[in-house]
Each structure stands twice: as structure tokens, then as C-alpha cells.
Amino acid sequence: MDYTPSELMTVAAARLLADSTVCFVGIGLPSAACNLARLTHAPRITLIYESGTIGARPSVLPLSIGDGELCQTALTTVSVPEIFRYWLQGGRVDVGFLGAAQIDRYANLNSTVVGPYERPKVRLPGSGGAPEMAVHCREIFIVMPQSRRGFVERLDFLTTLGHGEGGTGRRDLGLTSKGPTRIITDLCVMEPDTVTRELTVTSLHPGITADQVRDATGWPVRFAGQVTTTPPPTSDELRVLRDLLRRTAEAHGTRLPEG
């Protein structure tokens, strides 16, 4: 393969975004995927970051939601209350793109602590706007590397609602949005079962086996009746992504990501 697992994961996530989508973006892998989509097949996508920037078109990936690159390239910048009350709670966002430290079989997320809350092994950045995104965006895409450390039987802390306890969990809470509909990892793509809402593998990345996915998942993972193979990145997708990462590394004085 002439691409890394991380590159395939980012490309596969970017492909999910249609042109003209209004997308609420998280920092990190979600931002890389969304901006790759903007620079390739979805030039009319509207990227919203929770700091208040609407229609951001950064030339490099932002370090945080407060990165000046976002405000400088946005169509407009509004207050945080307007972003949440008018845009998000008003049902004007098509897709929320999130990452996390932990995910369970029902796509609930943890971005708060690893270990007991009172004495955690690791204290993470926290929720940000993720809980509100999970409730008010029409649907949620999640992108994160797959391992038993991250794909766990039980979250150390529930930060962001996915499908709750499964089944009709979201509907029982009065929620009308779809919640997580795609989970894109460096091994596969998962979707919630239509009845139980448990995550089910629907696509394996090229060269990845079912046993590799099982070994990297902290619960007995399920597979769809027909599992497809994720199309590999095209040369154009790789060129655009690598150029974006190169510019970002040069701008921030960091190394390019590996793997």
C-alpha cells in the first residue's frame, strides 16, 4: 500500500460529506477529514467551529477552536451563544464530526477522563460542544483509531451520548436526531444496527481481516451479513491530504503524523 492507515481513515471519513453540507467540526481528525472534503469533492461545504466561525476555509489545520486561522478565513464570526442557540439548537446543522478517547458498542463517547473520575490516570480535554452536537446535529460521524484502549466494553466516563443503552434509547429521551450513523476507524467502518443500535462492521479497509478488528475491540464485535471493502484513497486524495498536513506541520513547527 502507498498510504498509511491514518490516511485511509481520514479519506474514508471525508468521503461521507456531501457538497453543500453544513458541518459542525471537532478539532483533530474530524477537522482533517472535513477540510479534505472541502479541498476535493465538496467545495461548497460550510464548516462551523464552536468558537463562532462560520464557513471557515483554513489553509492549515487549526490547533484549537480558538486558532486565528479559523476567524481569518471564515465568512463570518458570531458569538458562541449564537452558534449554539441559533445554528445548533435551531436544527441548522446537517452533520457533527467528532472524535473521542473512548467509545462503547452503542457509540457513547468519553473525552473527560481515563480511570476513576476522582483520581484519573489521564485527564482529557473534556466535552466542549460535543454533548450538544450529539443531540442537535441531524447525524453524527465519529472518526478515531481503533484499539482495545479506545473501543471499550464500558466507558470510564460518559461525556457524549451516542445511542445510550441501545434500541430506542434516544427516542425514549425525546430526541429526534439520528445520533451516530458512521464510525470510521483505521481498520473499518461501523454503523449502528437498525434495531439494537449496536455498532456493526459494514466495511473492512483493504488488507484488514475480521480477526484484526475483533482483536482491536473491547466487546464481541458484530459484522454485517455482507461486509464490503473500503475503496482505497485515490492519488488525488492523497496528494491533497499530504499537502494539507505538510503545510500544517510547517506552520505549527510540528512533525507530520505517522501511521
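Let us begin with two helices: the axes of helix α1, residues 5-14, and helix α8, residues 235-252, come within 11 Å and cross at roughly 105°. With that crossing angle, α1 and α8 are therefore roughly perpendicular to each other. I should state at once that this is a predicted model. For those who work mainly at the bench, two packed helices are described by the angle between their axes and the distance between the axes.

Which residues of α1 and α8 meet? On the α1 side they are Glu7, Thr10 and Val11, and on the α8 side Glu237, Leu238, Leu241 and Arg242. Sorted by class, this contact of α1 with α8 has three nonpolar, one polar and three charged residues. On the spacing within such a contact, an α-helix has 3.6 residues a turn, so residues three or four places apart point the same way.

Helix α1 deserves a further word. Nine of its ten residues are buried, and the helix is mostly covered. The buried residues are Ser6, Glu7, Leu8, Met9, Thr10, Val11, Ala12, Ala13 and Ala14. What do these buried residues pack against? Their partners are α2 (29-39), β5 (95-98), β10, β11 (180-184) and α8. Thus Glu7, Thr10 and Val11, which meet α8, also appear among the buried residues of α1.

I turn now to the aromatic residues. The structure holds five aromatic pairs, and I shall describe two. In one of them, the ring centres of Tyr86 and Trp87 are 5.7 Å apart and the planes stand at 80°, so this pair is edge-to-face. In another, Tyr117 and Phe157, the ring centres are 5.4 Å apart and the planes are at 25°, so this pair is stacked. The pair of Tyr117 and Phe157 links distant parts of the chain, 40 residues apart. Tyr117 belongs to the loop between β8 (113-114) and β9 (122-123), whereas Phe157 belongs to the loop between β10 (139-143) and α6 (169-172).

Are these rings buried, exposed or partly exposed? Tyr86 has a relative accessibility of 41% and counts as partly exposed. Tyr117, at 42%, counts as partly exposed, and Phe157, with a relative accessible area of 29%, is partly exposed as well.

Two of these tyrosines also have an arginine over the ring. The charged end of Arg92 sits over the ring of Tyr86, 3.7 Å from its centre. Arg123 lies over the face of Tyr117, at 5.5 Å from the ring centre. Tyr117 therefore takes part in a stacked pair with Phe157 and has Arg123 over its face.

The loop that holds Tyr117 also holds Gly115, between β8 and β9. At 12% relative accessibility, Gly115 counts as buried. Leaving aside its neighbours within four places in sequence, Gly115 is in contact with Pro120, Lys121 and Asp156. How far from Gly115 is Leu155? The two are 40 residues apart in sequence and 9.2 Å apart in space, C-alpha to C-alpha.

The loop between β10 and α6 also contains Thr160. Thr160 is buried, with a relative accessible area of 2%. Apart from neighbours within four places in sequence, its contacts are Leu98, Asn108, Leu109, Ala130, Pro131 and Ala134.

Elsewhere, Gly28 is found in the loop between β1 (22-25) and α2. Gly28 counts as partly exposed, at 37% relative accessibility. Gly28 and Ser64 are 36 residues apart in sequence, and their C-alpha atoms are 8.4 Å apart in space.

I close with backbone angles. Most residues other than glycine have a negative phi, and most peptide bonds are trans. Which residues have a positive phi without being glycine? Ala107 is one of them, with phi near 65°. Ala107 is found in the loop between β6 (102-103) and β7 (109-110), and at 1% relative accessibility it counts as buried. Arg197 also has a positive phi, about 70°, although it is not a glycine. Arg197 is found in the loop between β12 (188-192) and β13 (199-204). With a relative accessible area of 18%, Arg197 is buried.

Note on methods: Residues numbered from 1 in each chain as written. Predicted model: local features only at pLDDT ≥ 70, side-chain atom pairs only at ≥ 80, totals over all residues. Heavy atoms only, no water. Phe/Tyr/Trp six-rings, centres within 6.5 Å; stacked < 30°, edge-to-face > 60°. Buried < 20%, exposed > 50% of the residue type's maximum accessible area, 1.4 Å probe, protein only. Helix = DSSP H or I, 4+ residues; strand = E, 2+ residues; numbered from the N terminus. Lys NZ or Arg CZ within 6 Å of the ring centre and 35° of its normal. Axes fitted to C-alpha atoms, helices over the stretch in contact; angles between N-to-C directions. Parallel < 35°, antiparallel > 145°, perpendicular 65-115°, else oblique. Contact = heavy atoms within 4.5 Å. Nonpolar A, V, L, I, M, F, W, Y, C, P; charged D, E, K, R; others polar.
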